[in-house]
Amino acid sequence: MAWQPKIVAFLCNWCSYAGADLAGVSRMQYPPNVRVIRIPCSGRMNPKFILSALKNGADGILISGCHPGDRHYLSGNYFARRKFALFRSLLDYMGIEDGRVHFSWVSAAEGERFAEVISEVTEAVRAIGPSRRLNKKVI
Amino acid sequence: MMKEMVIDKKDIAGLLTELTGEMTVIAPVRKGDNLLFGPVSDGSEAALDSVNTRLAPKDALFPQCEKMMTFTTDRQAEDAHTMQDVSEPDKQVIFGVRPCDAAGFLILDKVFNQGGAEYEDTYYLRRREKTTVVGLGCNKPLSTCFCASFGGSPFGTDGLDILLTDVGDKYVVTVLTDKGEARLKGKSGPSEADPTSIEKAGQIKESAVKSVKAGIATDKIKGKATMELFDDPCWDTLYETCMNCGVCTYSCPTCHCFDIQDEAIDTEGVRMRNWDSCMFSLFTRHGSGHNPRPTKKDRFRQRFLHKFKYFQDNFDTVACVGCGRCIRLCPVNIDVRQVVEEMNR
Amino acid sequence: MNHRDTENTEKIKKIAGRLLAEKRVDAVIGFRPGTVSLISAPTVARTEEEAAGLHWDRFCGVNLANYLPKREDKIAIVAKGCDSRSIVGLVAENQIKRENLYIIGIPCTGMIDRAKVISLAESPEVELTENGEEVTIKADGKQSTVALSDILQDNCQGCLHRNPAVFDELVGKKVEEAGGSDINAAVAKVEAMSQDERWNHFDQMFSTCIRCYACRNACPLCYCEQCFADDSQPQWCGKSTNPVDVKIFHIFRAYHCAGRCTDCGACVRACPVGINVRELTGKLEKEVRELFGCEAGMSLEAIPPLGVYLEKDPQEFIK
Amino acid sequence: MNNPYIPKPVRIEEIITETEDRSLKTFRLAFLNKEDEQAFSYVPGQFAELSIAGKGEIPIGIASSPTEEGYLLFTVNKVGIVTSHLHNMSAGEIMGVRGPLGKPYPINELKGKNVVIIGGGFAFTTLRSTIAYMLANRSEFGKITVIYGARTPGMLLYKEQLKEWEARNDIDLNVTVDKGDESWSGKVGFVPTVTKEVAPSAEDAYALVCGPPIMIKFTQPVLIKLGWTPETIIMSLENRMKCGIGICGRCNVGPKYTCKDGPVFTLAELNELPKEY
């Protein structure tokens, strides 16, 4: 079988996870390459999770939360946005490929958008191939 | 056994390259701004015309990270969950070792072989047995060199199989052991020693030995009770500027503490050991959170008591060879000579 | 021997002696002459006699703010521009009480990089003489003259804030700010590379790392009770020199300093194998300045950049 | 060359949940290879490194006695990575054992003497080994007195065994809890207090004391007051360990290594050493 990208998606409980749910109950089609990890809020997202996932074999990462202004915990995603901006630029600077780590805002009502985001992310990761740069080999 | 030969400096690279055909050759090599011991694939990579390496060559005998065992947790495998020893190391020659660092090997030998099969460190000993150590005398010891304090010398031969003495355009090659002899056997390069070179080597040695300041005294430490030294008020201020990093321990030719860790991806993994440092708080912290050495002061004191008191009690020698690396590399200029002076009062 | 800055040394001794005599403080954290060339040693003076042993020169690079977290006693501390900003950060992060501190600010025109001197002199045993903008280096019987600016630490060459941001007393007069023409020189060099080149550059750079944690421990910002690098459940990075674990350590170490780093250069100076970790912290320092318009430690009132947000913060990278 | 770092494979035969909070479980292990079992010759007080591939090793005192043949017992408190994983394993699974390690209790010196065993909490494990050993060789020892305390009745280890010992008349068993419950009819009180009540005679006797630091701290003066000398009070230390054979450097207490020179020390020996444990 051809290589299939493994993508880890960190979804906030209130918006993006519900969006994924909606996509599911609406029977929307999207690539099956995503493993979802639910987090309480995008503000809970610690960049350590991103590198841990890459280290342990993920080919791509998606972090998704509530749209700014639409958020459950008032300001969590605003703080997260600053953290993500810095971390993303640090990863890029270190030479981690564009298209390895993705961020999106998906609301609970956007099932269709969720499916689109997943397709987009999957294709982007597929295009750059398996992750090697921060993937740990022990033997 | 002892035999003297000479080799032209320009022939050294060729000799090393020839040796790479037989075994791993470890020598000082340039890595960026650093001079570090590392494997060479061609003799010309070796840099012998410089002061001592940034870090001690102990990594060649006691690697910073060493695989000890492999395992699989795959249920299908017959030997699932059981540990398999790694294969034996290759033969190696460590080339260009300074006499202080060679003395450091002798300290490590004591630690890794404490007698009786259950206290013999297989990994160290089998690598040690397959290692030949070629030394390089120090023509110009630095002001931070104090090897003479512990019976060492810039041209000391303890722990060496061969000693090289730089006499200008050639080295005088002093063959000290059968192992050393075997390494040179049949090699092009080394030839009969000429009296002029021998004489010159003697002069260089004499002036180098004179230039090493006597350094530090440790004579009174052994006689003191452990608790007397432990409770000495000197620790209350000596430790204060220490940052508890691992520079001194990791650059030291005699520090030997390590950690054992399992690493696995999916079902395949290794058990490995990594250098560890008594400077780190995690070093002694129990699973429960209790830490017998919770403060910087405790950890600082441990390092010096271990080197100069405990090690003397256990092995009748101090665990320091006077290479001076910790003095030169300490980010906050903690000087072992001053600490020992306090301990030896 | 190092070339002593006699004028400032005398002033520091005097201030420290006075503070101790008046019992304004319990101790003064400053420098004493080093035991080897090219470094001065941090020291804690508790008596007037010890204060008389204090010292100042171009090798007082260590960021003394590193010794402050969780101290309860009354402390006077000698602080350069960058050190004073670290102190501000520690006060803001509740690591030390401002009222327990007496900051002896010292305007700084740069610290000499010992690695650069050793590399030029090809010997660690060096005698330096400073003559205005020039420095004479004597080593191993040889003598050469170089421009002072060429042997300053990279972070000093580009320093934007040479005068202390906060102080209780100033040693001497404020110096002219140099403007920091190339504070991001090292970062710009890396940014100019292609993605693959950048990866290879860092892969190479971190290959000599020995995980001694000197960069972490020399940093005044690294005061966590337990560092993420020591976590075991989960273990964010393994303990070996595996290249992935080494990079993960350095990425997070730098990231943890984002918006807090004052570019004091402590990490680079402490590294025993000459890794320029400032290339990472410098990148984040630049991003924080450019994206959020913040510089760490400039005032006691400012909220750290990751503790606030603006609705108009950049988000073009988010789908 | 014998490689002292390689654990010998064992199978988990049985897992017994010891305490009501499920934090302590006893693992009965049997070697896969007969020759490994024969080579594993131990004395009460020694410990072994339990190894789980992919998780690591932990030093645990041997709770069984060499007189109990065919298996080893280890009672493990759930604290870190290895112990947590171990607690989730099941009978039949394969793991490793490396040892025996360390200096045991001085069994030969105890022979012919009265022996007082004072234990608290989950430190009772190697004391269980010692008691089982002495009872199996009963005639070789004098009077055996045991004082064992736990926080609550539910936190006592080896409950079935305690009942068996209770029923014997050749051992003076004093089990106490800090706080009883409706089902508890035994002693209530801290170990040092019970020690004072029982007042074991120092005459021709050794005391083996093993428990949490707080218990040790208050029991020692009680014994000293009763006329015990530091030479006859024997303790067992615990420290973080990795190699278990005196090399890796972290478990030292002054010049002594807990793994190699200990874990068993007399109080007299410990009095000369820093309290780094």
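Colleague: How many residues of domain 1 of chain B are in contact with how many residues of domain 2 of chain B?
Modeller: The model is predicted: local features need pLDDT of at least 70, side-chain atom pairs count only at pLDDT 80 or more, and totals for chains, interfaces and linings use all residues. Residues are numbered from 1 along each chain as its sequence is written, while chains are lettered from A and ligands numbered from 1 in the order in which they are written. Two residues are in contact if their C-beta atoms, placed from the backbone, lie within 7 Å. For domain 1 against domain 2 of chain B, the counts are 33 and 27.

Colleague: What distance separates the centres of these two domains of chain B?
Modeller: Domain 1 covers 3–211 and domain 2 covers 219–343 of chain B (bounds from an automatic or database domain assignment). Taken over C-alpha atoms, their centres are separated by 25 Å.

Colleague: Which elements give two or more residues to the side of domain 1 of chain B that touches domain 2 of chain B?
Modeller: Elements here are DSSP runs, numbered from the N terminus: helices (H or I, at least four residues) and strands (E, at least two). By class, that side has 18 nonpolar, nine polar and six charged residues (Ala, Val, Leu, Ile, Met, Phe, Trp, Tyr, Cys and Pro are nonpolar; Asp, Glu, Lys and Arg charged; the others, Gly among them, polar). The elements of chain B are β4 and α2.

Colleague: Of the five pairs of chains in contact, which share the most contacts?
Modeller: Chain B places 43 residues in contact with 38 of chain D. The B side holds 19 nonpolar, 14 polar and ten charged residues. Its largest share, six residues, is from β11(B). Of the five pairs in contact, the one with the most contacts is chains B and D.

Colleague: How far apart are the closest C-alpha atoms of chain A and chain D?
Modeller: No contact joins chains A and D. Their closest C-alpha atoms lie apart by 12 Å.

Colleague: Which element supplies the largest share of the side of chain A that touches chain C?
Modeller: Here 31 residues of chain A are in contact with 36 of chain C. Contributing two or more residues on the A side are α2 (47–55), α3 (76–94) and β4 (101–105). That side divides into 15 nonpolar, seven polar and nine charged residues. With 13 residues, the largest share is that of α3(A).

Colleague: Is the crossing of α9(C) and α11(C) left-handed or right-handed?
Modeller: Helices α9 (243–256) and α11 (278–292) of chain C pack at about 40 degrees, axes 9 Å apart (axes are lines fitted to C-alpha atoms, for helices over the stretch in contact; angles run from 0 to 180 degrees between N-to-C directions). That makes α9(C) oblique to α11(C) (under 35 degrees is roughly parallel, over 145 roughly antiparallel, 65 to 115 roughly perpendicular, the rest oblique). A crossing is left-handed if the near helix is turned anticlockwise from the far one by less than a right angle, and right-handed if clockwise. For α9(C) and α11(C) it is right-handed.

Colleague: Which strands are the edge strands of the open sheet of chain D?
Modeller: The six strands run in the order β4-β3-β6-β1-β2-β5, with antiparallel pairing (a pair needs at least two DSSP bridges). Neighbours are turned by 40 degrees on average, direction ignored. Pairing on one side only are β4 (56–61) and β5 (72–77) of chain D.

Colleague: How many bridges join β1 of chain D to β6 of chain D?
Modeller: Pro9(D) stands opposite Gly96(D) in β6(D). Strands β1 (8–17) and β6 (94–101) run antiparallel, and the bridges joining them number four.
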